[in-house]
Amino acid sequence: MEEDIDPGLLSTGPPPQETPRGSPPRKPQNDLDDSDSEGADAAVAAESEPESESESDDDYTNETLSSTITREIQQGTYVCLVCTSEIDHTSKVWSCRSCYRVYDLDCIKDWAIRGSSTDKSSKNWRCPSCNIATNKIPSRFTCWCGQVTNPTNNPLVPFSCGNSCTYKYESCIHSCSSICHPGSHPICGAMGPTMKCHCGNMQKQLPCLITPYETGWACPDPCEVTLCDFGHKCPRGCHLGFCGLCDIDINILCYCGKEHLDIKCSEKDLKECQDKDGVQWVGGVACSNKTRVFYDCEVHFEDYSCQPLSFESAVCKMAPSQVTTCYCGKTTIQDKDRTKCTDPIPECESMCEKPLPCGCVCLMKCHEGECECHNYFDVKCSCGNETFMVPCKFIQDGHKPRCTHKCQALLNCRKHYHREQCCAYERVAQERERHKKKAIRNNVRTNFEDDIMSLEPAHICTRPCNRLKACGAHYCEALCHNGPCGVCLESSNEDLVCHCGKTRIEAPVRCGTKLVCHEQCVRDKACGHRREIHECHEDSVNCPKCTVLVEKECNCGLKSDVPGVLCSQDNVSCGNICTVAKSCGHPCLRVCASKCTKDNIHDSSTICRAQCNKIRKSCPHTCKLKCHQNKSGRSKDCDVTRCTEMVTVTCECGRIDKKVPCGSTRDEPSNIGNILECDESCAQAQRDRALKEAFSFSAEDSKKVSDQDFIYPDSIFETYEKQTNWCSRVENLMRAFIEDYNLQLDNGIKSPRRTFHFQAMSKPQRAFIHGLAETMNLYSESQDPEPKRSIFIVITRLTKLPIYSITEALRLRREALFEASRSALTSEEVSNTSFNALVIQDVFFGITKEDLGNALARVVEDFSLASYVLSWIKDSTFVFYSKELLKAGTEEYVQELTKLVSIVRSLMREKSLAFDCKLCLIDEEATIILKTEGRKPPANENSSAGSEKQSNNIYDVLGEEEITEISMDGTTEPALDLENAKKQEDSQEPENPKEPEITKEHDSTSDQSLQESTTLESDDSTHVDEAGSEDVSS
């Protein structure tokens, strides 16, 4: 233990006291008290108190820490901070080396092992008094100086060994001369060594406290050391080290003798100089002038900077004796080439290759003058992301190319990125970030604030933070930083008082201080009702809303006494929905809005979110987009987007059907009405069906009726019998719609209206329209959900009007069923009937109807066949007959055909048009071949029934191939087959000019036609419910 003992207890007088080094002189000895002064921080406050105050205190006021510890231990009143028990001269103690606090040895040992300050990871513990960390656990009981273990009892100084302390002072060469003592060591009072002054002329000895060991001392004598050859003396006094250079200003002539310059004496460099006239002087500095000196040739010269010159004429450096090679030095110059210095020096054809300061060689041809480097090198830019080819001179000048890559490094604020082009520190920042993340993953990173010390200067954010502080009134003025902003340092000089006045915070009040008052709020409500029980609050916070139930008027004003409404509730709704149409056509749909009822201001169409549902112009479907009539940046036209509704397209025979998107746009037509191409399976199915119907006769077939009775399906007849009036109106409307379409085509209208929309109707009514549309080859489709599901029809290329109306077909069906059993044509009658036409069979591939007609025209001219007709029956079969003579069946007509058959057969084979031509018997409509030459009709047990089926079966394939064309006068004619029609379209010579031109464009008269096509007339609309009853809608 290294504390001093009070000298008054061991000696008759105090030790000599000296002033510490660097401190003012102390008072005389007779003015000091008997205690030692201390230089340690642990000295008690009694030493520093004024003398007047110390005289009024008790006897121990001026004691040092050492004497206080000794006195209290002798009296048994010194307290251990660990166990709070007293320490006396019989205890075993340990003293802290920093604060000199004394503890019981067992207590401090237990504290070091199990104390709250013990850090088991670093094996350190802290003193309970000064909190100094120590890594050694006290285990020995020693004297104060530590020289003796288990010291004997000393009644004068407890726990002292009685020897000299011998503590070595850190600031001098002496040791503590006091007896082993507690507390801090007294100031050294010995005399210091004898020291010379800085210049060494004087010496003296001072007390150790004031001896300047480190700085030394200076005498009052001047230095007087000669500094230069001009005899200048050192102007400084006694000092350490060299005197330095002479700084006296002098005026001296330059080397060339043109200027006198003022310089420091130490800057001169004396040299002997002379001019052309032999005048000599001593120059000491070089001026900025240049002197031109000519060679002995008096032609060439050289400019020298200010320096001592020799004016003897030198040999010209361009003389033939001086220059023996070309400029590059590779070729020797002949004497005959140059005779004087003014002759040019020849240049050789070699490369210069002189070494350059940059380390390269000159790549130019042998030349005059200085060499320049023209080499190029690949150099990376500052950030290292790009490589550029730059000249060597660019590199030697210290430049680096810069790319346009922007730095991606995160600045120290962790908010902004550098974004500087070609940053040289980007890769350093990336490497730093990788190490940082690795340390975080390994859980070895402890201090995040040290990043700023290792951060690159370029990546320190210099933007102002400018974020709102926690006070909510002031902004952070520091540089952009990571983490929360500091507390607001603004304050107010006024007291902070709550509204009720019962809680107060006196000034100064820091900005952002929240006043919390737990008293009841005393504010009255504006409505006059009772106050809600709540605590006092700031004026910016509203009181709880009034909860009294009252009657109020709704927003729209339709109800003035809505009951059970909170007094504080402003929005009162009665639930009434506004149905007024906006400018886009959709209803307003505001719920109980005062603007609708009182101000007549409805919801704007610009924010309408309803589905458009307007009928498109390019197709009959409705627009499925959100309302876009008055939307900024969006077109009002529904046809700018492609229609995605699925439609059904079929082949011509109806066997193949396919679901495809409608696909209509403003510039592209709809796929509705498109005809798929029939494949071989379709033709095979038609032939099989025709053969089955031709040869499958039975007794039941005699009961079947003719083709015209089966134009409409049975479901149409059943609905018609139940809803005769409504079905008749619908049929008449659809017939008038198709006839109007044909009339517009005949009048030259390019894009007549071909779509019609019905009103919403029930499912049986829609089924009737679907069946009727299928009969007329119209495209029909239902749209919209129930109960507003409606239907529309579209005219296609295959659209046709039935020969009979539903009423006539129903009547004929009933009559045919009555007559079918007794009017049947027998096979014997067919056998006895003469031939009435020619059949051309197996027409070769690629032969068209026009080819056959042109060939027959030259042959028929020699025969008396008026108004002959060439008609296609099926596949590669055509019939040739006369319209006028077909029904008459005269013998002359039969004879003409008999003569013609062999001629036509030869012609067909000679021209390679067809394989055979025979006589045949056809029905009056020229649709069925009843028999041919050399072939008998099929026999049947019931010949009459078989004959009837042979001529009148509506399912015969030939009858199905007939397409009815609609004309202006209502008559019908058989149309051309599909194959010949396609060939005629390729040759741009259609067979039948009256065939309707089915287009996919919408009616140009859009507004009126669209309005007419959406609904039926109100007085003609009926609804059929599930039971089949009629319901006339308004």
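**Salt bridges, backbone outliers and surface features**

R504 forms a salt bridge with D495, with 3.6 Å between the closest N and O atoms. D495 is partly exposed, at 36% relative accessibility. The model is a predicted one.

A second pair joins D916 to R905, and here the closest N and O atoms lie 3.1 Å apart. D916 belongs to strand β34 (residues 914–922) and R905 to helix α16 (residues 891–910), so this salt bridge ties together parts eleven residues apart in sequence. The two partners fall on either side of the 20% cut-off for burial. D916 has a relative accessible area of 11% and is buried. R905, at 23%, counts as partly exposed.

Some salt bridges share partners, and in this way R414, R432, E433 and E456 are joined into one network. Within it, the side chains of E456 and R432 meet at 3.0 Å, N to O. E456 sits in the loop between α6 (451–454) and β19 (491–492), whereas R432 is part of helix α5 (residues 426–441). The pair therefore ties together parts that are 24 residues apart in sequence. E456 is buried, with a relative accessible area of 6%. R432 also counts as buried, at 16% relative accessibility. The count of salt bridges in the model comes to 25.

The backbone was examined next. Most residues other than glycine have a negative phi, and most peptide bonds are trans. Two residues with positive phi are described here. F159 is not a glycine, yet its phi is about 65°. This residue is found in the loop between β7 (133–134) and β8 (180–181). Its relative accessibility is 4%, so F159 counts as buried. E353 likewise has a positive phi, near 55°. The place of E353 is in the loop between β16 (301–305) and β17 (376–380). Its relative accessible area is 43%, which makes E353 partly exposed.

Cis peptide bonds were also found. One joins A507 and P508, with omega about 0°. P508 occupies the loop between β21 (504–505) and β22 (509–510). R504, the salt-bridge partner of D495, falls within the range given for β21 (504–505). Another cis peptide bond joins E786 and P787, where omega is about 5°. P787 lies in the loop between β29 (779–783) and β30 (790–794).

Attention then turned to empty space. Rolling a probe the size of a water molecule over the atoms shows where such space is left. The second largest pocket holds about 690 Å³. It is lined by 21 residues, of which C612, N613, T622, D784 and K788 are the closest to its centre. By class, the lining divides into six nonpolar, eleven polar and four charged residues. Two of the central residues, D784 and K788, have numbers between those of β29 (779–783) and β30 (790–794), the strands that flank the loop of P787.

On the surface, F230, L270 and V282 make a nonpolar patch of about 250 Å². F230 is placed in the loop between β10 (203–207) and β11 (249–253). At 41% relative accessibility, F230 counts as partly exposed. The cut-off for joining a patch is over 30% relative accessible area, and F230 meets this condition because its value is 41%.

Key. Residues are numbered from 1 along each chain as its sequence is written. This is a predicted model: local features need pLDDT of at least 70, side-chain atom pairs count only at pLDDT 80 or more; totals for chains, interfaces and linings use all residues. Side-chain values use heavy atoms; hydrogens and water are left out. Helices (H or I, at least four residues) and strands (E, at least two) are DSSP runs, numbered from the N terminus. Buried means under 20% relative accessible area, exposed over 50%, partly exposed in between (1.4 Å probe, protein chains only). On a 1 Å grid over the protein atoms alone, a cavity is a set of points where a 1.4 Å probe fits but cannot get out, and a pocket is an open set with protein on both sides within 12 Å along at least five of seven lines; lining residues have an atom within 4 Å of a point. Grid points are joined across faces, edges and corners, and a volume is the space filled by probe spheres set on the points. Ala, Val, Leu, Ile, Met, Phe, Trp, Tyr, Cys and Pro count as nonpolar, Asp, Glu, Lys and Arg as charged, and the others, Gly among them, as polar. Patches are made of residues with over 30% relative accessible area and no salt bridge: like charges are joined within 9 Å, nonpolar side chains (Val, Leu, Ile, Met, Phe, Trp, Tyr) within 5 Å. Accessible areas come from the Shrake-Rupley method with a 1.4 Å probe; for residues, only the protein chains shown count as cover. A salt bridge is a side-chain nitrogen of Lys or Arg within 4 Å of a carboxyl oxygen of Asp or Glu.
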